[in-house]
Amino acid sequence: MSELVGRAVDRVDGRAKVTGGARYAADNPVPGALQGFLVGSTIARGEITGIDTSAARAHPGVVAVYTHRDMPRLTAPPFPYLKGFIPLQDTRIHHSGQPVALVLAETVEQAHEAAALVEVSYRAEQPKAVIEDALDEVYLPAPFRDRPNEIVRGAGEAALAGAEVRFEADYSSPTHHHNPIEPHATTAVWEGDRLTLHETAQGVNLTRGTVAAALGLPPQNVRVISPYLGGGFGAKGPLWPHTILTAAAARLVGRPVKLVLSRAQMFTSNGHRAQFRQNLRLGATRRGVLTAIVDTSTAQLSRTDEAIFNRSDSVHLLYACPNVHIRHRGVRLDVATSSYMRSPETTAHFGLETALDELSYELGLDPLELRLRNYTEVNPETGQRYTGKHLDACYRMAAEAFGWARRNPRPGSTKDGEEYVGWGMATETHSHGAMPATAAVSVDAEGRVLLRIATQDIGTGTYTVISQVAADALGMPLDRITARIGDTALPEAGLSAASATVASVTGPVHRAATAVRDAVVAKAVADRRSPLFGLSPERVVTEHGHLFAADDRRRRDSYRDVVARGGQPVEATGSVPNTPGHSFGAVFLEVRVHARYGSVRVTRVVTAHDLGRVLNRRTARGQVIGGVNWGIGYALMEHTVLDRRTARVVNPSLSSYLVPVCADAPSVETLFVDRPDPGSTALGAKGFGETPITGVPAAIGNAVFHATGRRVRDLPITQDKLL
């Protein structure tokens with residue numbers, strides 16, 4: 001029986017984080033480092049006609065100011081290696097806030113002050129900022145990473161025309177921006193033709209390859225270090241141009257350079273969730289069985305990139321429906337390039353789960369019953385049965401814990417004082433990736449274990465989970481395990497993105513640790529000095545750092561003694577592939593809407609999730625709580641506002657771009673099915689991190705309708721839309 005895997009083990013990196021011992025990218029003291037600061041364009045579309053840097057260069061402490069005139073020509077690798085384009089290469093302006101100069105100074109304050117002295121003149125053109133400005137330019141982009149933007153299964157339009165019941169509605173969500181606590185940061189240090197980057201990276205190896213290609217270096221000449229990340233949410237997955245510019249500037253000036261984006265620059269320099277419009281049409285029988293889904297969406301694109309991230313994956317994968325037609329359209333605008341933002345499919349999933357709620361009222365069915373009538377154990381895309389899907393158990397567990405059976409279906413039927421009370425629910429689902437990875441595990445003569453793998457911990461608990469897995473495989477106490485991650489000098493692993501980390505690294509860590517255990521046991525039973533000499537390896541068990549004879553606990557040895565007698569550490573590597581898949585869940589929640597003010601509070605939430613085997617209940621619960629609160633922000637608060645005349649972001653700060661705070665956080669009851677997925681090589685676990693957000697916005701909207709009778713299809717649900 002496993003002792004650690006599955007338990008709510010405290011984070012092994014927790015003490016370092018709360019005591020300041022955890023070094024983030026901008027925390028590393030580099031002797032002689034200059035401070036960099038970017039100068040952003042004040043127009044969104046046009047041309048630079050002149051730059052005067054003389055005042056900035058003369059400012060105290062300034063060492064250099066680089067523009068398109070003196071920055072070296074750099075190579076822009078294709079996505080996914082680089083998002084967008086590399087600025088400071090020509091005079092063209094593609095979006096407001098685009099870097100037009102890079103100031104290097106001795107102190108941060110001097111760099112900021114000098115940046116304000118750079119004078120830029122432009123030939124401005126009228127930009128287009130939102131989808132509504134360019135509806136006549138909507139088109140179907142080319143496939144993105146071999147994923148077509150038109151998906152056809154059966155005959156959607158014909159089936160819709162013949163459906164007994166038809167429903168149609170438009171849904172929309174605004175631009176959202178990542179706002180991790182830690183802004184993007186880069187420190188570039190050159191030693192000859194070798195570059196070390198202290199970087200905010202969700203993928204150190206991808207960053208290495210991209211920087212090497214941009215600068216014309218062999219990848220082995222670039223080292224990327226990112227042991228801790230203060231939140232990523234997709235923003236720190238791809239590489240962004242400021243990293244390449246910092247490295248290039250450090251090589252030019254001959255000194256290390258540190259650059260940290262300002263909070264306002266986080267709204268122009270590292271991607272966002274694209275503005276999204278969706279027309280959804282459903283066909284069904286009078287019993288509520290779906291016969292057709294026709295989904296046409298439009299997402300904001302930039303002038304330099306046409307990848308669509310707001311895909312309708314759940315629309316064609318979640319429910320049984322024989323006729324589906326999906327079109328992912330885009331429109332090029334004069335804005336910064338969008339990118340992945342945590343749970344990117346949520347934009348389309350909001351429409352799907354809201355439409356099903358609306359259909360349930362039209363049919364007179366309970367919203368949960370409608371979903372059960374369209375349940376499938378088969379992946380509609382592949383036709384293959386899921387190796388482990390227990391969404392029906394999630395529905396049952398969460399509904400029972402919430403008390404859903406007591407719900408009065410009539411909207412506006414429940415009032416408590418001056419607040420209307422509403423209940424809503426939605427299905428949750430998200431895909432998870434699987435990326436190649438290799439782990440190395442060694443035990444030294446002190447009986448201490450070193451685990452090395454170039455994955456990342458983006459705040460989700462990777463350090464803890466991989467330490468648990470290694471400890472259990474070896475039969476070691478957790479405090480004997482030291483994990484080293486976030487460094488390209490370690491065995492290679494992929495991005496911490498696409499909910500892929502646990503699914504990708506758990507198997508390799510377990511295999512490497514198991515190989516070390518087997519090697520140490522083999523040494524013990526072959527060593528005449530060992531009490532275990534002569535035993536069959538199968539008769540040896542390992543617990544708490546010791547090796548025992550299974551049938552005689554008095555015969556025992558220890559990892560420390562076995563390795564010490566051998567004279568050198570015992571080490572092994574492990575690599576085992578996994579396959580992509582899906583995690584599932586259900587969310588039920590209660591809202592209260594003030595009758596006079598239209599303010600909405602989420603007061604109670606119950607979730608149940610199927611993530612395969614739960615490796616750590618504490619970190620899994622943390623993911624759910626984080627996802628629920630992100631979903632609250634998504635539904636009720638978050639929206640980036642662009643000035644349609646200038647295409648500038650007008651709320652680039654946390655005082656005007658609202659996100660939930662502790663006062664907005666409700667009680668969340670988290671339930672897990674906890675059944676290993678037999679198709680997983682990650683000890684039965686599946687990737688999970690992004691799933692707990694996906695259904696929350698729709699569940700809130702559905703609960704608001706139940707409370708008030710007012711259906712809001714355009715997020716966020718603000719007071720003006722309810723009054």
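The nonpolar cores, cysteines, pocket and cavities of a predicted model are described here.

The largest nonpolar core comprises 80 residues, and within it Leu359, Phe588, Leu589, Val591, Leu636 and Ile700 touch the most other members. The greatest contribution to this core comes from helix H14, spanning residues 617–636, which supplies eight residues. A separate core of 49 residues lies apart from it and includes Ala524, Val525, Ala572 and Leu615. In soluble globular proteins, nonpolar side chains tend to be buried together.

The surroundings of Val591 were examined individually. When residues up to four places away in sequence are left out, Val591 is in contact with Tyr420, Val421 and Gly422, with the run Val600, Arg601, Val602 and Thr603, and with Ile700, Ala703, Val704 and Ala707. Among these partners, Ile700 is also one of the core residues that touch the most other members.

The cysteines were considered next. The model contains zero disulfides. Cys394 has a relative accessible area of 0% and is therefore buried, the limit for that class being under 20%. Cys662, by contrast, has a relative accessible area of 75%; because this value is over 50%, Cys662 is classed as exposed.

Open space was then analysed. The second largest pocket has a volume of about 950 Å³. Its lining consists of 34 residues, with Asn179, Ile181, Phe233, Gly626 and Trp630 lying nearest the centre. Helix H14 again gives the most, here with seven residues of the lining. H14 is thus the element that gives the most both to the largest nonpolar core and to the lining of the second largest pocket. By class, that lining is made up of 16 nonpolar, 14 polar and four charged residues.

Enclosed space was treated separately. Four cavities of 30 Å³ or more were found. The largest cavity has a volume of about 150 Å³ and is lined by 16 residues, of which His95, Trp240, Pro241, Thr268 and Ser269 are the closest to its centre. Seven of the lining residues of the largest cavity are nonpolar, eight are polar and one is charged.

The second largest cavity holds about 50 Å³ of space. Its lining is formed by His184, Glu199, Thr200, Ala201, Thr207, Lys236, Pro238, Leu239, Trp240, His242 and Thr243. These residues divide into four nonpolar, five polar and two charged. Trp240 therefore belongs to the linings of both the largest and the second largest cavity, as a lining residue has an atom within 4 Å of a cavity point.

Conventions. Residues numbered from 1 in each chain as written. Predicted model: local features only at pLDDT ≥ 70, side-chain atom pairs only at ≥ 80, totals over all residues. Heavy atoms only, no water. Core = buried A, V, L, I, M, F, W, Y, C linked by side-chain atoms within 4.5 Å. Buried < 20%, exposed > 50% of the residue type's maximum accessible area, 1.4 Å probe, protein only. Helix = DSSP H or I, 4+ residues; strand = E, 2+ residues; numbered from the N terminus. Contact = heavy atoms within 4.5 Å. Disulfide = S-S within 2.5 Å. 1 Å grid on protein atoms, 1.4 Å probe; cavity = no way out; pocket = protein on both sides within 12 Å on 5 of 7 lines; lining within 4 Å. Points joined across faces, edges and corners; volume = space filled by probe spheres on them. Nonpolar A, V, L, I, M, F, W, Y, C, P; charged D, E, K, R; others polar.
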